[in-house]
Amino acid sequence: MGGRAGKAALREGRKPRLGDQTTLAPAEVPALDWASDLGYEVARGNIANILKEHGPEPAPERTRKTTWKEFLRRHWEVMVAADFFTVEVWTRTRLTRSLLIQWRYTGWGVRLPASPGTAQQKGEALNETAQFELWYERFNRLAGDLYPGRYSRDHVRDLAEMGREIMELARRKGSLIVAHNYVYPELQEVAEVVGDSLGLSLFVAGRNAPRVDFCGVWFMGQTAKIILGDRSKVYMPDQPGCSLVDLVDHRRITDWITRHQDGVVISYVNTDARMKAMSHYTCTSANAAQVLEHAARTHPGRRILFLPDKYLGAVAQALARVNPNLVDLYDGACHVHARIGKEVAEKALARQPGAELLIHPECACSALITSNLPPFKDAHFLSSEQMLRYAATSAAKEFVVATEKGIVYRLRKECPGKTFYPISDNAVCEYMKMNTLEKLRDSLRHDRFEVEVDQAVRDKAREAVERMLTIH
Ligand code: 13P
Ligand code: SF4
């Protein structure tokens, strides 16, 4: 069912049906009586996502009187997210609660500033002492256990001083600073927006800043450049790689394409610009299953190569309605998430028995978790950005976070009433941690390291990204 069906349903105040999608602006959203009947609360024009989950319903007996339609209706949960630009409808099955499906991706440039940023961005210029006091208290309270010994008084004093210079340089140079969820807290604080890899690129695409300073890893800066083209210069504090990106052997891919002339290539966004240019579609950790299913439906009978992450690929394959015999999974893995196997997850859940597991599908244990067996029955596959949205609205109070631990700072900051535990102290990406405030300051001072992508590669890669964005 297409986007128009979802729109029509919302306009008429009807409950969207399974599979409906919508991009209605909140101003267009009518009373949504069906939502309030179900106990949802939908706020118009409220920048914070409002997401209230439909309370549990007793599962019906599947007797002759229960039609399949009724059975499915009762077993699906619908969640509504309203923000300043769009309304999203998410669904998941009651039977397999871990399968969370986002039916509508927010689209070009409409992903919201995920983090409120620092006091400076809100126009309250703090003096040096106040800045130091704020950061010293906040970093130790929210990230002291994540980075033991990092936030001494002397170090935070240096950080606060650099932070002030960075804000001033960014203002003078018209720079938009954005930071990935995994970078150090001080970088998240100076950034105007904190988010996931694709969300940040879409955000900068909607802003037309002459300069973007991207704190993340190199492929993310490239993705921003692919989307921005010549409109903005993109700089990064350093040139960090990514183990997933580096594992892709372009010759193997070329061989596969030669052997399967009508084959379809799907690349996770964690690939370099050249790989994206060789692909039919890109996908993110949030929509891999939808892209895979779409590719299989649009190109029936054709072989599909999914790369580079085998764990994400396995989860996507388990969630999508595709013929597994027609899908080849590349055997790549991220070294950080590959360390998060079954045992690590079991131990973390044993330490926090009441917690829900928020799990990035790149984790080595993710394919097992699709089985939905104890202790993984409260596990949720989420991209880094979806973790924020989910945690903010879940009734649960405690969460084990199975991804790079940098995101825990943001989760704690934005969901103050809840408790977040990193799944392991080892869940650290050295590449992400190559970003520092000092390097960002130097990058702004000396205009380095600029991300450039060859025009022809950029155009081809952009096609693959755009094709993904049309899939709902
Ligand atoms: P996201 O797309 O969720 O930001 O993840 C990127 C990444 O590098 C995961 O390790
Ligand atoms: Fe790459 Fe893994 Fe680091 Fe993400 S966590 S940037 S996938 S190496």
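Let's start with contacts. Take the contacts in this protein with a separation of 6 or more. Residues 24 or more positions apart account for 62% of them. Keep in mind that this is a predicted model.

Now the overall count. The protein has 472 residues, and 47% of them are buried. Its secondary structure comes to 20 helices and 15 strands.

Next, the core. The largest nonpolar core holds 121 residues. Which residues have the most contacts inside it? They are Val178, Ile266, Leu292, Leu358, Val401 and Ala402. Helix α8, residues 218-228, gives the most to this core, with 7 residues.

Pick out Leu292 from that list. Set aside residues up to four places away in sequence. Leu292 then touches Ile266, Ile304, Phe306, Ala316, Gln317, Ala320 and Val322. Ile266 is itself on the list of residues with the most contacts in the core.

On to two helices. First, α5. This helix runs over residues 153-173, so find that stretch in the model. It has 21 residues. From its first C-alpha to its last it reaches 30 Å, close to the 30 Å expected at 1.5 Å a residue.

Which residues of α5 are buried? Val156, Leu159, Ala160, Gly163, Ile166, Met167 and Ala170. Why do they sit on the same side of α5? Because they cover an arc of only 125 degrees around the axis. Turn to the other side of α5, and Asp154, Glu168 and Arg172 are exposed.

What covers the buried residues of α5? The cover includes helices α4 (128-143), α6 (185-190) and α19 (437-446). It also includes strands β4 (175-180) and β6 (211-215). Right after α5 comes Gly174, and its phi is positive, near 65 degrees.

Second helix: α7, residues 197-205. This one is mostly covered, with 9 of its 9 residues buried. Here they are: Ser197, Leu198, Gly199, Leu200, Ser201, Leu202, Phe203, Val204 and Ala205. They pack against strands β4, β5 (193-195) and β6, and against helices α8 and α17 (384-393). You have met some of these names already. Strands β4 and β6 also help cover α5, and α8 is the helix that gives the most to the core.

Now the two ligands. Ligand 1 has these residues around it: Asp196, Ser197, Asn270, Thr284, Ser285, Cys334, Glu362, Ser383, Ser384 and Glu404. By class, that is 1 nonpolar, 6 polar and 3 charged. Ser197 should sound familiar, as it is one of the buried residues of α7.

Around ligand 2 we find Val217, Cys242, Ser243, Leu244, Asn270, Cys334, Val336, His337, Glu404, Cys429, Tyr431 and Met432. Which elements give two or more residues to this shell? They are α9 (243-247) and α14 (335-338). This shell divides into 8 nonpolar, 3 polar and 1 charged. Check the two shells against each other. Asn270, Cys334 and Glu404 are in the shell of ligand 1, and they are in the shell of ligand 2 too.

Last stop, Thr419. You will find Thr419 in strand β15, residues 419-422. Why does Thr419 count as partly exposed? Because it has 15 C-beta neighbours inside 10 Å, and partly exposed lies between the exposed limit of 12 or fewer and the buried limit of 20 or more. Leave aside neighbours within four places in sequence, and Thr419 is in contact with Lys397 and Glu398. Thr419 and Ala391 are 28 residues apart in sequence, and their C-alpha atoms are 9.9 Å apart in space.

Notes: Residues numbered from 1 in each chain as written. Chains lettered and ligands numbered in written order. Predicted model: local features only at pLDDT ≥ 70, side-chain atom pairs only at ≥ 80, totals over all residues. Helix = DSSP H or I, 4+ residues; strand = E, 2+ residues; numbered from the N terminus. Contact = placed C-beta atoms within 7 Å. Near = placed C-beta within 6 Å. Nonpolar A, V, L, I, M, F, W, Y, C, P; charged D, E, K, R; others polar. Core = buried A, V, L, I, M, F, W, Y, C linked by C-beta atoms within 7 Å. Expected span 1.5 Å × (residues − 1). Arc of directions from axis to C-beta.
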